[in-house]
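Walk through this protein one site at a time. Begin with a single residue, then move to the pockets, then to the whole chain.

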Amino acid sequence: MQLQVILWGLSILNVSNIPSTWVLKDIDNSLQSQYRIPSVCYQGALGHIYYVNYLPSIIAQEMANPCVHPHIHHYPEDAGSQLDQPWQASRWLCEIDPTITTPMICKAWQDFYVFELMKLMDGTMVVPEHWYTKPAPQNSPHFDFEYWACVWRAHPVTSSCTHGYVIHAYDIVEVSSPLLSMHPPNLSWHGVLPWTLTDPTVGNGWHVWAQGHHVLSYMIWLYCDNTSGNMSKKWNKHNSFLFTATGLPHVMVHKESSIHFLAMSNIVPPLEMLDGIVDQLE
């Protein structure tokens, strides 16, 4: 019926070379076979059966969409006193667990990851905790922002049996990406004290898994809503889970195309459905 309405509208507008319904169905089937969002079946803790749209496929399509991807922010921003967008808020900039933020930046064909020892231009050894951006100076010719990092100073320690660095988590400084000099693969170090955030001989796990690809975090607003499934005034509550990309500007995040559906049921309680969504997130 929907295809027939579309074809009728095209004919009213005197569009030439209108395809037939069968051609449109064949195209739709071809697109669905390649780009559809699969639904994953779950059985909840209370025994209910429900389905959740596959979250990684939705995010993959968003990242591949040339109308959306350029507008998504993956790093928090230190905008000073300005607070217009979610990525400028202190929750993302200062309070969030650094292990779930974007773990790396790329500079001069080198990948710099958090929790890995690296060298600054002046020879100082540091370990970045998290990356963020700042507005670039007005005379910057290429970019609107610069990458910065909150880093821990690494203090060299030498003993009779080992040589390494002690990381003082309280000794925090901010450095801009132009001050970075050398990435971890060109360095060799061994911790004097136990270091649990990464394996010092390997580095950040994402550095190994990425194999040279860029690693970006994709922050989302996940929320549950309910609506009536009846056309009459009798309330028939359907609980649904949806999400939007936190990194999108306000002018885009509330567009219908930016709101993504995950699951709905009028039988399964919201917390039971949430188990399946958390399973995909993990």
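Asn 53 is buried in this predicted model. Its relative accessible area is 16%. The cut-off for buried is under 20%, so Asn 53, at 16%, falls on the buried side. In the chain, Asn 53 belongs to strand β2, which covers residues 49-53.

What does Asn 53 touch, once its neighbours within four places in sequence are set aside? One group of contacts is Ile 37, Pro 38 and Ser 39. Ile 58 is also in contact with Asn 53. The list is completed by Phe 261, Leu 262 and Gln 280.

Now turn to the open space. The largest pocket holds about 600 Å³. Its lining counts 21 residues. Which of them lie nearest the centre of the largest pocket? They are Ile 96, Ile 100, Ser 217, Tyr 218 and Met 219. Three elements each give two or more residues to this lining: α4 (90-95), α5 (205-210) and β10 (220-228). The largest share comes from α5, with three residues. By class, the lining of the largest pocket has 15 nonpolar residues, five polar ones and one charged one.

The second largest pocket comes next. About 520 Å³ of space lies inside it. Here 19 residues form the lining. Nearest the centre of the second largest pocket are Ile 72, His 73, Tyr 75, Phe 145 and Tyr 147. The elements that supply two or more lining residues are strands: β3 (104-107), β6 (125-135) and β7 (145-158). Strand β3 gives the largest share, three residues. How does this lining divide by class? There are 11 nonpolar, six polar and two charged residues.

Step back to the whole protein. Seven helices and 12 strands make up its list of elements. Of its 282 residues, 37% are buried, and Asn 53 is one of the buried residues. Contacts also reach along the sequence. Take the contacts between residues at least 6 apart in sequence: 54% of them join residues at least 24 apart.

Last, the surface. The accessible surface of the protein comes to about 17600 Å². Carbon and sulfur atoms account for 57% of that area.

Note on methods. Residues are numbered from 1 along each chain as its sequence is written. This is a predicted model: local features need pLDDT of at least 70, side-chain atom pairs count only at pLDDT 80 or more; totals for chains, interfaces and linings use all residues. Side-chain values use heavy atoms; hydrogens and water are left out. Helices (H or I, at least four residues) and strands (E, at least two) are DSSP runs, numbered from the N terminus. Buried means under 20% relative accessible area, exposed over 50%, partly exposed in between (1.4 Å probe, protein chains only). Contact means heavy atoms within 4.5 Å. On a 1 Å grid over the protein atoms alone, a cavity is a set of points where a 1.4 Å probe fits but cannot get out, and a pocket is an open set with protein on both sides within 12 Å along at least five of seven lines; lining residues have an atom within 4 Å of a point. Grid points are joined across faces, edges and corners, and a volume is the space filled by probe spheres set on the points. Ala, Val, Leu, Ile, Met, Phe, Trp, Tyr, Cys and Pro count as nonpolar, Asp, Glu, Lys and Arg as charged, and the others, Gly among them, as polar. Accessible areas come from the Shrake-Rupley method with a 1.4 Å probe; for residues, only the protein chains shown count as cover.
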